[in-house]
Amino acid sequence: MYIAIEGIKGAGKSTLLAQLSQQLKQEGVEFSTFNPTRPMPQNQWWEQAYGDWQHNDAFISELYTARANYHALQTDFNQPLVLGDRSILTSIVTRWQSHQHDIHSYIQQILAQEYAVPIPDLVLYLDISLESACQRLQNRQRDYGLYDETAQRLQQTKQAYTQLFMWKNEIGLKNVQIQCFDTNQTCSQLFQQVLKYVKNIAVVT
């Protein structure tokens with residue numbers, strides 16, 4: 001089973017995956033991880049060109065497509081459990097607002113571009129308020145990806161997730177299961193809640 005952690009920037013996806021990975025390893029649960037946005041090896045042309053083209057939106061879009069396909073080809077999705085930090089759904093919601101006039105064609109375009117990336121069986125969606133997400137992102141004090149971290153972009157992405165989950169049957173994603181988790185609790189409480197859920201899924205599968 002391929003389980004992807006989704007949510008807007010600042011929701012805590014990477015932190016949660018790291019915590020889950022550490023705990024599952026300690027408990028002897030077999031799994032692998034898939035991070036479609038992680039940089040490729042530096043000998044890849046895309047990564048070498050990043051320094052010169054990092055402010056070009058078209059380049060960044062193609063870069064993340066290349067990264068997703070690269071890492072997907074390195075991952076065996078037939079294993080009993082694969083945990084993902086984001087998924088192809090992240091790519092779908094990123095430009096959702098500007099393609100609502102023909103969302104079916106847009107999704108097919110994403111699926112064709114990220115040809116090696118499977119659709120997750122289960123999505124763990126971390127629901128966070130815009131205020132909390134903005135505060136977390138501000139605390140990071142980093143200087144990249146700032147365009148996607150504006151309140152407007154976060155709001156658009158949050159709305160895109162809502163619409164995607166609402167229309168998933170109509171847009172060809174009916175087999176994707178969605179489980180939402182409220183991040184309005186302590187990190188420890190959220191982690192324990194998600195850990196219990198994932199372990200139950202792992203036992204079932």
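Residues are termed buried when their relative accessible area is under 20% and exposed when it is over 50%. In this predicted model, helix 5 (residues 103–113) illustrates both classes. Its buried residues are Ile103, Tyr106, Ile107 and Ile110. Viewed down the axis of helix 5, these residues fall within an arc of 95°, and they therefore line one face of the helix. The face turned away from this buried side carries the exposed residues Gln108 and Ala112. Helix 4 (88–94) is included in what covers the buried residues of helix 5.

The strands of the model are arranged in an open sheet of 5 strands, with the order 2-3-1-4-5 and parallel pairing. Strand 2 (32–34) and strand 5 (177–182) form the edges, each pairing on one side only. From one strand to the next, the twist averages 25°. At one edge, strand 2 pairs with strand 3 (residues 82–85) in the parallel sense over 3 bridges, and Ser32 stands opposite Val82 of strand 3. Helix 1 (residues 13–26) packs on the sheet, where it touches strand 1 (2–6), strand 2, strand 3 and strand 4 (122–127). The direction of helix 1 makes about 155° with that of strand 3.

Strand 4 is paired with strand 1 in the parallel sense over 4 bridges; here Tyr125 of strand 4 is the bridge partner of Glu6. Strand 4 also pairs with strand 5, again in the parallel sense, over 6 bridges, and Leu122 stands opposite Gln177 in strand 5. Helix 7 (residues 151–167) lies across strand 1, strand 4 and strand 5, running at about 140° to strand 4. Of the 6 residues of strand 4, 5 are buried, so this strand is largely enclosed by the rest of the structure.

The largest nonpolar core comprises 52 residues, of which Leu83, Ile92, Trp96, Leu124, Leu164 and Val194 touch the most other members. Helix 8 (residues 187–204) supplies the largest share of this core, 6 residues. Neighbours within four places in sequence aside, the contacts of Leu124 include Ile3, Ala4, Ile5 and Glu6, together with Gln179 and Phe181. Leu124 is also in contact with Val194, Tyr197 and Val198. A second, separate core contains 6 residues, among them Met40, Phe59, Ile60 and Ala66.

Methods. Residues are numbered from 1 along each chain as its sequence is written. This is a predicted model: local features need pLDDT of at least 70, side-chain atom pairs count only at pLDDT 80 or more; totals for chains, interfaces and linings use all residues. Side-chain values use heavy atoms; hydrogens and water are left out. Buried means under 20% relative accessible area, exposed over 50%, partly exposed in between (1.4 Å probe, protein chains only). Helices (H or I, at least four residues) and strands (E, at least two) are DSSP runs, numbered from the N terminus. The arc is that of the directions from the helix axis to the C-beta atoms. Contact means heavy atoms within 4.5 Å. Two strands pair if DSSP finds at least two bridges between them. Axes are lines fitted to C-alpha atoms, for helices over the stretch in contact, and angles run from 0 to 180 degrees between N-to-C directions. A nonpolar core is a set of buried Ala, Val, Leu, Ile, Met, Phe, Trp, Tyr and Cys residues joined through side-chain atoms within 4.5 Å.
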